[in-house]
Amino acid sequence: MGNNESTPNNYSKTLKQISNGKDNNPLFKYKDDRKFLKKADMYYFLPIDELESDRMQLRHDVEWHVWRTNFSSPIETTLKLGGAQVLDVACGSGLWALEMASDYPLSEFVGVDVAPIFPSDVMPSNVTFKQCDVLERLPFSDCSFYYIHIKDLFQYFPSKIIRDQLFPDLVRILKPGGWIEIQDRDPNMINAGPICKRLEDMLSLSFLNRGIHVKNHYDDMEKLFEKNNLIKYRSDKKSIPYADLDLAIQDFLSTYKAMKFTLTEYSGVTAEEFEEIVENASKELIPSNSEFVSRKYFGQKPMIYDI
Ligand SMILES: C[S@@+](CC[C@H](N)C(=O)[O-])C[C@H]1O[C@@H](n2cnc3c(N)ncnc32)[C@H](O)[C@@H]1O
């Protein structure tokens, strides 16, 4: 299946193996019925359980509707020819890597995530998953990958960590001539109604309490690519009215619900009130003509690379 063809994913069953059951694993903690990573609590605040896996799948499907492709960098010919190594950073439930592996059977795909929520059984032979924390030095040698893909991760980390640590390490393991691509949802929508605006303010506050200024990430992205000596930088942005895509409204609801504990933490709003706010906010999306915004940034490591 090529870059621009529709790819309905077939992996939902494989992904159902993620357990919601409480266990004594010291990696996790529980709030009510949701499972979270203890270690990543400082920045990353979404749950990691079966419901979250469903949410990731929904988000993945919505992003597919937006872009109609799993990547924008000019890498298709190389992936088709085969032998290319591809890394999906913070792969989550592994959907992207699984779809890409079946689209490009002659290339090799590796997904890494701090939470072992990727599939561990039936998989195409050209995919592997590995548990690792991207806030530590990545366990790959220099120049290992032709293409590095990062979807829905940067917004959770402070700019300083991205700038000084994560991005340079990603560039280190990228091959000269290879491409790096970041895809993130903008936390702010276009034409937010008053209830949506309130939720966005709660989200901004929560990010700020973790030292994260998401807007700065986007404003600084070109500089980040430049500073790391990457070339052919491009960014792209698409906005889609919620009215055009019912799935996007479901995605809105499930994403805010997944953030319930984090967003109520500093707000004085109870969990029940929060759920009601989210339901009411979702009803505002169509009358307010609200649109969500998805962004991409990509660039290439030159053949002769010298930092
Ligand atoms: C919003 S999900 C996106 C998952 C996937 N990229 C997708 O688009 O479906 C973010 C992922 O980042 C992972 N993550 C958070 N902090 C991490 C870290 N320090 N190292 C590796 N993965 C991390 C989470 O476990 C989660 O699976």
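In the predicted model, helix H5 covers residues 159–173, and its 15 residues should span 21 Å at 1.5 Å a residue; the end C-alpha atoms lie 20 Å apart, which agrees with that expectation. The axis of H5 is nevertheless kinked by about 35 degrees at Leu166, shortly before the proline Pro168.

The buried residues of H5 are Ile162, Phe167, Leu170, Val171 and Ile173. These buried positions pack against three strands, namely S3 (85–89), S6 (145–151) and S7 (174–185), and against helix H7 (214–227).

Ile161 also belongs to helix H5. Its C-beta atom has 17 C-beta neighbours inside 10 Å; a residue is classed as buried from 20 such neighbours and as exposed at 12 or fewer, so Ile161 counts as partly exposed. When neighbours within four places in sequence are left aside, the contacts of Ile161 are with Leu135 and Leu166. Of these, Leu166 is the residue at which the kink in H5 lies. A separation of 100 residues in sequence divides Ile161 from Phe261, and the C-alpha atoms of the two residues are 24 Å apart in space.

At the level of the whole chain, the protein contains 10 helices and 9 strands. The radius of gyration is 19 Å, close to the 19 Å given by the globule rule for 307 residues, so the protein is as compact as a globular protein of that length. Taken along the principal axes, the box filled by the C-alpha atoms is roughly 55 × 40 × 35 Å. Of the 307 residues, 36% are buried. Among contacts with a separation of 6 or more, 75% are accounted for by residues 24 or more positions apart.

The ligand is surrounded by 21 residues, of which Tyr44, Ala90, Gly92, Val114 and Lys151 are the closest. By residue class, the shell around the ligand divides into 15 nonpolar, 2 polar and 4 charged residues. Among the closest residues, Tyr44, Ala90 and Val114 count as nonpolar, Gly92 as polar and Lys151 as charged. Helix H2 (50–67) and helix H4 (95–103) each contribute at least two residues to this shell. Strand S6 (145–151), one of the elements against which the buried residues of H5 pack, has Lys151 as its last residue, and Lys151 is one of the residues closest to the ligand.

Note on methods. Residues are numbered from 1 along each chain as its sequence is written. This is a predicted model: local features need pLDDT of at least 70, side-chain atom pairs count only at pLDDT 80 or more; totals for chains, interfaces and linings use all residues. A residue is near a molecule or strand if its C-beta atom, placed from the backbone, lies within 6 Å of it. Helices (H or I, at least four residues) and strands (E, at least two) are DSSP runs, numbered from the N terminus. The radius of gyration is taken over C-alpha atoms; the globule rule is 2.2 Å times the number of residues to the power 0.38. Two residues are in contact if their C-beta atoms, placed from the backbone, lie within 7 Å. The expected span of a helix is 1.5 Å times one less than its number of residues. The bend at a residue is the angle between axes fitted to the seven residues ending there and the seven starting there.
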